[in-house]
Every structure is written in C-alpha cells, then in structure tokens.
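This briefing is meant to be read alongside the structure shown below. Please keep the sequence and the model in view while going through the points.

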Amino acid sequence: MHKYLYIICLLVLVSCVPENKDKKRDEQLKQNKQEKTFPKLEKDRYNVAFLIMEGTFNTELTAPFDIFQHTIFRENIKAMNVFTVANTDKPITTFEGMRILPDFNYLKDSLPKIDILVVPSAEHHLDTDLEDVEMISFVKRVDKEATYITSHCDGAFVLAKAGLLNDRVSTTFPSDIDKMRATFPGLDIRKEVLFVHDGKYITSAGGAKSFEAALYLCEFLYGKEVAKSLAGGLVIDWNVDEVPHLIVE
C-alpha cells in the first residue's frame, strides 16, 4: 500500500514540474516584453528627426541636437521637437562607442511628419551606406514634405545619393570634397566654405562646425538674438558674418 502511495505522489510531483517551468517561463517573457515608448512631441513645434545608424559620428549628431533641443527654453518662438530615427529598434553604436536607442524605426513605426531632417555623418557614408536602398528611399520620402534637410560632414553623400543636391550647391568634410566630386561629378560642391544654404538644403563641413551650421538655421528661423542666446548657452561666440559660408539666393 505504501509502495503504491509513493508512486502516485511521485507521478503527481513530476507532472507538476513542466507546468511550473512553463509558468515561470511565461512570467519571465511577460516581464521582458515591454511596449515601445515614443517621445512626447509637443504641438506647434518643428519636428526635427536625426537619422542615425551604426558608426554615426558623435559631434555631427550631438552638436545640432544640442542647439535645436535648447530652443524649448526660449520664449515666443516655434521651438523644436528633436528625436532620432533608425532602421532598427536595437541600440546603435556610434563611431566613438556611444550606444543610442533610436526613438523611431523608420522601417515599421508610424512616423510623425518630419519638418527638418538632420543627416549626421557616419563611418560608411562614403561606401556601403550609399547602397542601403531602404535608407536612401526614406530620405527621398522625407524630402517630399520636409521644410529643411540638413547634413553635416559626409552626410552630404547621402543627400547626393538620394538626388537631393542635383542643381544645388553644397559642401562636405574638407578632405572628402574631392571624393564627393569624383563620386557625383555633376554636382556643384564648394571648398573654402563651412556651410552652404541652397533652397531647403543646408550642408556643412561637420565636426565642431556642425554647431555653426545649426546656429545659422536657428538664426534664419528665429533671428539673430535668439541664435546668440542659444550660442551663449553653450559658451559659443556666434557671429555668422565671421563664418565662411555661402547662401544661394
């Protein structure tokens, strides 16, 4: 009798183990599964999207991001909502090793209307990134509705590949100007300037001059005093007349 009772108890115990394991696994999966949260975009602001990818360079991303984000602290202007877009939900790693979790995945998320697109430079903008058909298509789509498209450093190669700089004047990272001319022989690419504004497109040399191209756009949108205020907040001496640039009328 005791023998049969022991066998029955053992069978019950064994039958419970998989169920318990399944329950724990389901609970763990539920805890790990988190709904994606999107940044809050305030009404009556410019929506400014920063296109990021593996190998994005820090300065070309963070310089204009800082300038544009600080507009929310200025009164009586149409400030900017700033956010990042990428082709993934996973963190991207910049060239310098910073890990950034994109706000929107342009391959699958419903995106807000983008008023200003910023294309920072990335490690492979001179080669493999230009073969990214989905990324180039995204830039083309945004261009149809955006008010301004800006690039910093080799981000100009992306604009050129998308056909946005045809019949426009542009610039890029100084040591890559000859490369850009060879890659896109039909374009008018200028040296001796740190940024060019032609129509809705602003291209800059990048690096620390990314601050200046971003400040120029703010001065264009908000006026000189607001631009000086934004520059002062980041301890930048700002006078557009002292920056070699070209504005195509």
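What follows is an overview of the chain, then notes on one helix, its packing partner and a set of salt bridges.

The structure is a predicted model, and its chain holds seven helices and twelve strands. Of the 249 residues in the chain, 44% are buried. Among the contacts with a separation of 6 or more, 65% are between residues that lie 24 or more positions apart.

**Helix α6**

- Helix α6 runs over residues 209-222, and its 14 residues reach 20 Å from the first C-alpha to the last, close to the 20 Å expected at 1.5 Å a residue.
- This helix is mostly covered, with ten of its 14 residues buried; among them are Ala-213, Ala-214, Leu-215, Tyr-216, Leu-217 and Cys-218, and the buried set also includes Ser-210, Glu-212, Glu-219 and Tyr-222.
- After α6 comes Gly-223, which has a positive phi, near 105°.

**Packing of α6 with α7**

- Helix α7 covers residues 224-233, and α6 packs with α7 at an angle of about 145°, their axes being 7 Å apart; the crossing in which α6 passes α7 is right-handed.
- On the α6 side the contact is made by Leu-215, Cys-218, Glu-219 and Tyr-222, which meet Lys-224, Val-226, Ala-227, Leu-230 and Ala-231 of α7.
- Sorted by class, the residues in this contact of α6 with α7 are seven nonpolar and two charged, with no polar ones.
- Leu-215, Cys-218, Glu-219 and Tyr-222 take part in the contact with α7, and these four also appear in the list of buried residues of α6.
- An α-helix has 3.6 residues a turn, so residues three or four places apart point the same way.

**Salt bridges around Lys-36**

- Eleven salt bridges are found in a search of the whole structure.
- One of them joins Lys-36 to Asp-89, with the closest N and O atoms 2.6 Å apart; this pair links distant parts of the chain, since Lys-36 sits in the loop between α1 (2-32) and β1 (46-51) and Asp-89 in the loop between β2 (80-86) and β3 (92-93), 53 residues apart.
- Lys-36 counts as partly exposed because its relative accessibility is 34%, and Asp-89 likewise counts as partly exposed because its relative accessibility is 29%.
- Lys-36 also meets Asp-109 in a salt bridge, at 2.5 Å from N to O; because Asp-109 lies in the loop between β5 (104-105) and β6 (116-119) while Lys-36 lies in the loop between α1 and β1, this pair ties together parts that are 73 residues apart in sequence.
- Asp-109 has a relative accessibility of 16% and therefore counts as buried, the cut-off for that class being under 20%.

**The Asp-178 and Lys-191 pair, and the shared network**

- Asp-178 and Lys-191 form a salt bridge in which the closest N and O atoms are 3.3 Å apart; Asp-178 lies in helix α5 (residues 177-183) and Lys-191 in the loop between β9 (188-189) and β10 (195-198), so this bridge ties together parts that are 13 residues apart in sequence.
- Both ends of this pair are partly exposed, Asp-178 at 47% relative accessibility and Lys-191 with a relative accessible area of 36%.
- Elsewhere, Lys-36, Asp-89, Lys-108 and Asp-109 are joined into one network by salt bridges that share partners.

Terms used: Residues are numbered from 1 along each chain as its sequence is written. This is a predicted model: local features need pLDDT of at least 70, side-chain atom pairs count only at pLDDT 80 or more; totals for chains, interfaces and linings use all residues. Side-chain values use heavy atoms; hydrogens and water are left out. Axes are lines fitted to C-alpha atoms, for helices over the stretch in contact, and angles run from 0 to 180 degrees between N-to-C directions. Helices (H or I, at least four residues) and strands (E, at least two) are DSSP runs, numbered from the N terminus. A crossing is left-handed if the near helix is turned anticlockwise from the far one by less than a right angle, and right-handed if clockwise. Contact means heavy atoms within 4.5 Å. Ala, Val, Leu, Ile, Met, Phe, Trp, Tyr, Cys and Pro count as nonpolar, Asp, Glu, Lys and Arg as charged, and the others, Gly among them, as polar. A salt bridge is a side-chain nitrogen of Lys or Arg within 4 Å of a carboxyl oxygen of Asp or Glu. Buried means under 20% relative accessible area, exposed over 50%, partly exposed in between (1.4 Å probe, protein chains only). The expected span of a helix is 1.5 Å times one less than its number of residues.
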